[in-house]
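Work through the exercises below with the model open. Each task is followed by a solution in steps.

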Amino acid sequence: RFNWNYPILFSPHAPNTLYAAANVLFKTTDEGQTWQAISPDLTRNIKDKQGPSGGPITKDNTSVEYYGTIFAVAESQLEAGVIWTGSDDGLVHVSRDGGQNWTDVTPTGGKDGLPVEIQINSIEPHPFEAGGLYLAATAYKNDDFQPYLFKTTDFGKNWEKITTGIPAGHFTRVIRADKGKRGLLFAGTEFGVHMSKENDKNWQGMQLNLPPVPI
């Protein structure tokens, strides 16, 4: 199952290795002549949400509206074989051996966890911690407009919610880490840009003369 915006990326450690994601993660090392599935289904695979879209009159079946797909993929730049995925139905997985084995490390439970079936919209490997990842998730399609940003430094065993300073209702679309300055983060929300200079603890708007627009 592929969506409109399925992830495709080169490995930072092997320039001939290209990844592409559907509901499983594929890899090629021969410029796409052959592909290998290197994961099981990394989504919830909810069958009753995989039917025709658009209803009986205006069916819209162009093979890209599928739900239950990998929406974000990244490989650590610090350690080869550490691959992260996030699905559009709310799962986060990590492999530490190049895709041979996968672990569900979704941050769940309590007020500081991810809502079920939230879309993992963006993931960013930590530039200074091999076991680190930042993620941004959105649930506005379920009428939940809260920001969801999370951080781990131990391969997903523990997660920290890092949204302090981002206003309620400014749901989050993307998070990026500065590759040269530890702790400097940028987040794109539905209404603009925020920056954190205090090692993930507090965000401040950097809107300046930028109009309120989705980033």
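**Exercise 1: A hairpin and its neighbour**

In the hairpin of β10 and β11, four residues lie between the strands, and Asp 143 there takes a positive phi near 60 degrees. The model is a predicted one.

Task: Determine how strand β11 is paired on each side, and which residues are the bridge partners of Phe 150.

Solution.
1. Start with β10, residues 133-139. Six bridges join β10 to β11, and the two strands run antiparallel.
2. Find the contact within that pair. Leu 135 has Phe 150 of β11 as its bridge partner.
3. Turn to β12, residues 160-161. β12 pairs with β11 over two bridges, again in the antiparallel sense.
4. Return to Phe 150. Its bridge partner in β12 is Lys 161.
5. Combine the steps. Phe 150 is bridged to Leu 135 and to Lys 161.

Task: State how many residues of β11 are buried.

Solution.
1. Take the strand's limits: β11 covers residues 144-152.
2. Apply the cut-off: buried means under 20% relative accessible area.
3. Count. Seven of the nine residues in β11 are buried, so the strand is mostly covered.

**Exercise 2: Two pockets**

Task: Describe the largest pocket by volume, lining and residue class.

Solution.
1. Volume: about 430 Å³.
2. Lining: 16 residues, with Tyr 67, Phe 71, Asp 88, Gln 119 and Lys 141 nearest the centre.
3. Elements: β9 (119-125) and β10 each supply at least two lining residues.
4. Class: six nonpolar, four polar and six charged.

Task: Do likewise for the second largest pocket, and find which strand gives the largest share of its lining.

Solution.
1. Volume: about 210 Å³.
2. Lining: 15 residues, of which Ala 72, Val 73, Ala 74, Ile 123 and Arg 176 are closest to the centre.
3. Elements: β1 (8-10), β5 (70-75), β9 and β13 (172-177) each give two or more residues.
4. Largest share: β9, with five residues.
5. Class: ten nonpolar, three polar and two charged.

**Exercise 3: Positive phi outside glycine**

Task: Place Asn 45 and Leu 208, and decide whether each is buried, partly exposed or exposed.

Solution.
1. Asn 45 is not a glycine, yet its phi is positive, about 55 degrees. Asn 45 sits in the loop between β4 (36-37) and β5.
2. The relative accessible area of Asn 45 is 26%, so it is partly exposed.
3. Leu 208, also not a glycine, has a positive phi of about 50 degrees. Leu 208 lies in the segment after β16 (204-205).
4. The relative accessible area of Leu 208 is 81%, so it is exposed.

Definitions and conventions: Residues numbered from 1 in each chain as written. Predicted model: local features only at pLDDT ≥ 70, side-chain atom pairs only at ≥ 80, totals over all residues. Heavy atoms only, no water. Buried < 20%, exposed > 50% of the residue type's maximum accessible area, 1.4 Å probe, protein only. Pairing = 2+ DSSP bridges. 1 Å grid on protein atoms, 1.4 Å probe; cavity = no way out; pocket = protein on both sides within 12 Å on 5 of 7 lines; lining within 4 Å. Points joined across faces, edges and corners; volume = space filled by probe spheres on them. Nonpolar A, V, L, I, M, F, W, Y, C, P; charged D, E, K, R; others polar.
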